[in-house]
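Hi,

Here is the structure I promised to pass on. Have a look at it first, and then read on for what turned up.

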Amino acid sequence: MANAWSNWSGFVKAAPKLIAAPADAGELAELVRMAPGPLRVAGAGHSFTPLVQSDGTIVSLEKIEGLVSHDAAANRARVRAGTRLGALMHILQGIGQGLPNMGDIDKQAIGGALGTATHGSGPTLGAYHTQLETVQFVDGQGKLREYSRAGDQDMIQAVGVALGAFGVLTEVTMNNAPTYRLRRRKWVLPIGDMLRDFETMMAGHRSAEFYYIPFSGYAQFIASDLSEQPTTARPTEDDEEGLATLRKLRTVLRWLPSLRRALIKGAVKKVPSEDYVQDWFNVYVSDRRTRFNEMEYHLPYEDGPKALAEIIELTEKHFPEVYFPMEIRSVAPDEFWLSPFHKRLTCSIAIHHDAANDPLAFMRAAEPIFLKYGGRPHWGKMHSLKAADFKKLYPRWDDAMAVRRDIDPENRFVSPYMAGLFGVEPGPSGTHQ
Ligand SMILES: Cc1cc2nc3c(=O)[nH]c(=O)nc-3n(C[C@H](O)[C@H](O)[C@H](O)COP(=O)(O)OP(=O)(O)OC[C@H]3O[C@@H](n4cnc5c(N)ncnc54)[C@H](O)[C@@H]3O)c2cc1C
């Protein structure tokens with residue numbers, strides 16, 4: 001009987017010949033050499049694109065996890081690539097270190113988060129890959145390789161964001177922060193004010209982001225700044241209750257847009273503000289129980305408000321089924337070759353669609369707006385781009401592809417989906433000999 005694999009949202013499914021969870025790098029190398037191809041590595045399956053899909057082998061690194069070593073003076077930690085971010089937070093806190101920034105959840109494996117340039121928000125804060133000091137991986141021929149920023153910065157920049165196609169990461173060393181505390185504030189404001197003051201509001205905090213609540217005319221702004229004040233209680237999270245209300249209003253009042261708008265606006269205006277101080281690991285992440293599919297595009301920072309205004313207009317005119325808030329963040333520029341933040345201060349706009357319904361019409365209608373502004377898609381979120389598009393969007397694309405060929409000359413990690421991204425032939429379904 002075929003093995004069944006599916007991503008978090010259930011949109012991507014696979015029936016590989018083999019699903020394997022090697023215990024160490026030696027077993028992993030053997031699989032890379034011998035298992036049916038193409039071989040795709042899975043983190044926690046939280047990507048929305050078919051990055052992990054394979055009818056050959058899907059490898060999970062769930063047993064290759066935990067702390068390897070750390071350097072207290074340099075705030076560095078070497079961890080195995082299957083370590084989930086939730087476990088990593090506890091490991092780091094235990095050794096007096098902290099992740100400088102985080103995204104919305106802590107379910108991803110660090111290898112998976114690095115693989116798609118997963119990010120949080122903050123105009124001076126880079127995505128997780130910018131913390132990389134060393135990488136160790138098994139290449140397409142089953143050989144263990146290791147590179148460091150000090151020894152070979154180009155290789156770190158080439159493989160730091162690698163979509164599981166430049167070898168299977170086994171261990172990474174991350175540059176962390178000393179443990180720290182944040183003051184977190186949330187409040188609601190009219191979207192017109194938010195768009196007008198976008199640059200000052202986003203740049204006015206260490207980390208800032210906002211959600212636009214569709215059909216409300218209002219945004220919820222979230223700001224975090226370093227604090228040395230004593231901790232105070234984090235308010236109980238009500239995101240899921242809020243979503244349930246938005247879904248209900250959508251369902252009941254879908255064809256009564258004025259009433260829907262008035263009720264949502266009234267409810268959003270009553271959402272209480274928040275203001276609390278907590279240790280870093282108690283601030284960033286939330287519980288995401290309602291399943292969705294997502295598209296997120298990374299745009300030139302200054303174009304964010306214009307693009308968002310167009311996305312809001314599109315949604316509210318043509319897609320009454322949408323009820324998930326849109327999420328808007330900023331990310332610092334970096335030098336990594338396949339990073340969507342390559343040499344560009346970024347405004348990221350994410351749109352979501354209930355996983356119970358087909359998201360494609362909405363995503364297809366929104367994508368041209370993002371592309372018009374030169375957007376680069378989040379590698380792990382829905383998009384329709386292929387190699388020829390990426391070549392135009394990424395100045396180091398050809399260099400990255402040359403490194404990929406060196407690491408995986410036989411295309412062992414190239415599934416049909418990856419072949420479309422890279423403009424190469426899929427790898428053979430047999431083994432490497
Ligand atoms: C509820 C939810 C919230 C999210 N929030 C955010 C957010 O705040 N910010 C953001 O940027 N993204 C966010 N995402 C997207 C998510 O962070 C990325 O898609 C991420 O890559 C998922 O990590 P994963 O461990 O599940 O990896 P997977 O989805 O399993 O894999 C992602 C890629 O990494 C590769 N990979 C995995 N492990 C390794 C390894 N050991 N070596 C080499 N390659 C590897 C895979 O082959 C694949 O190409 C969210 C997704 C969900 C479902």
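Let's start with one residue: where is the place of Glu327? Glu327 sits in strand 18. Before going further, do keep in mind that this is a predicted model.

**Glu327 and strand 18**

Is Glu327 buried or exposed? With a relative accessible area of 2%, Glu327 is buried, because the cut-off for buried is under 20%. Its side chain makes a polar contact with the side chain of Tyr211, at 3.0 Å. If you leave aside residues up to four places away in sequence, Glu327 touches Asp104, Glu209, Phe210, Tyr211, Ser348, Ile349, Ala350 and His352. One of these, Ala350 in strand 19, is the bridge partner of Glu327.

The rest of strand 18 fits that picture. Six of the six residues of strand 18 (residues 326-331) are buried, so the strand is largely enclosed by the rest of the structure. In a regular strand the side chains alternate between the two faces of the sheet. Here both faces are covered: Met326, Ile328 and Ser330 are buried on one side, and Glu327, Arg329 and Val331 are buried on the other.

Strand 18 has a partner on either hand in the strand order 14-18-19. Four bridges join strand 18 to strand 14, and the two run antiparallel; within that pair, Tyr212 has Met326 of strand 18 as its bridge partner. Strand 18 is also joined to strand 19 (residues 346-354) by five bridges, again antiparallel. There, Ser330 is matched with Cys347 of strand 19.

**The eight-stranded sheet**

Zooming out, these strands belong to an open sheet of eight strands in the order 16-13-15-14-18-19-17-20, with antiparallel pairing. Its edge strands are strand 16 (274-279) and strand 20 (376-377), each of which pairs on one side only. Two helices to look for pack on this sheet. Helix 8 touches strand 13 (181-190), strand 14 and strand 15 (218-226), and its direction makes about 25° with that of strand 15. Helix 10 (residues 360-372) touches strand 17 (292-300) and strand 19, and its direction makes about 10° with that of strand 17.

Helix 7 ties in here too. Its buried residues are Glu240, Leu243, Leu246, Leu249, Arg250 and Leu253, and they pack against strand 14 (207-213) and helix 8 (257-269). How far apart are the end C-alpha atoms of helix 7? They are 21 Å apart, which agrees with the 21 Å that its 15 residues (239-253) should span at 1.5 Å a residue.

**The five-stranded sheet**

There is also an open sheet of five strands, ordered 6-7-11-9-10, with antiparallel pairing. Strand 6 (67-71) and strand 10 (144-148) are its edge strands, each pairing on one side only. From one strand to the next, the twist averages 10°. Strand 9 (residues 132-138) pairs with strand 10 in the antiparallel sense over five bridges. If you want a pair to click on, Val135 has Tyr147 in strand 10 as its bridge partner.

**The ligand**

How many residues surround the ligand? There are 37, and the closest are Val41, Gly43, His46, Ser47 and Thr116. A polar backbone atom of His46 is 2.7 Å from an oxygen atom of the ligand. Thr116 uses its side chain instead: a polar atom there lies 2.7 Å from an oxygen atom of the ligand. A nitrogen atom of the ligand is 3.5 Å from an N or O atom in the side chain of Lys381.

**Some backbone oddities**

- The peptide bond from Gly37 to Pro38 is cis, with omega near -15°. Pro38 is in the loop between helix 1 (25-34) and strand 4 (39-42).
- Ala117 has a positive phi of about 60°, although it is not a glycine. You'll find Ala117 in the loop between helix 3 (110-115) and strand 9, and at 0% relative accessibility it counts as buried.
- Leu163 is not a glycine either, yet it has a positive phi of about 55°. Leu163 is in the loop between helix 4 (153-159) and strand 11 (168-175), and counts as buried at 3% relative accessibility.

Happy browsing!

Key: Residues numbered from 1 in each chain as written. Predicted model: local features only at pLDDT ≥ 70, side-chain atom pairs only at ≥ 80, totals over all residues. Heavy atoms only, no water. Expected span 1.5 Å × (residues − 1). Buried < 20%, exposed > 50% of the residue type's maximum accessible area, 1.4 Å probe, protein only. Contact = heavy atoms within 4.5 Å. Pairing = 2+ DSSP bridges. Axes fitted to C-alpha atoms, helices over the stretch in contact; angles between N-to-C directions. Near = heavy atom within 4 Å. Polar contact = N/O pair within 3.5 Å; in protein donor to acceptor, adjacent residues only side chain to side chain.
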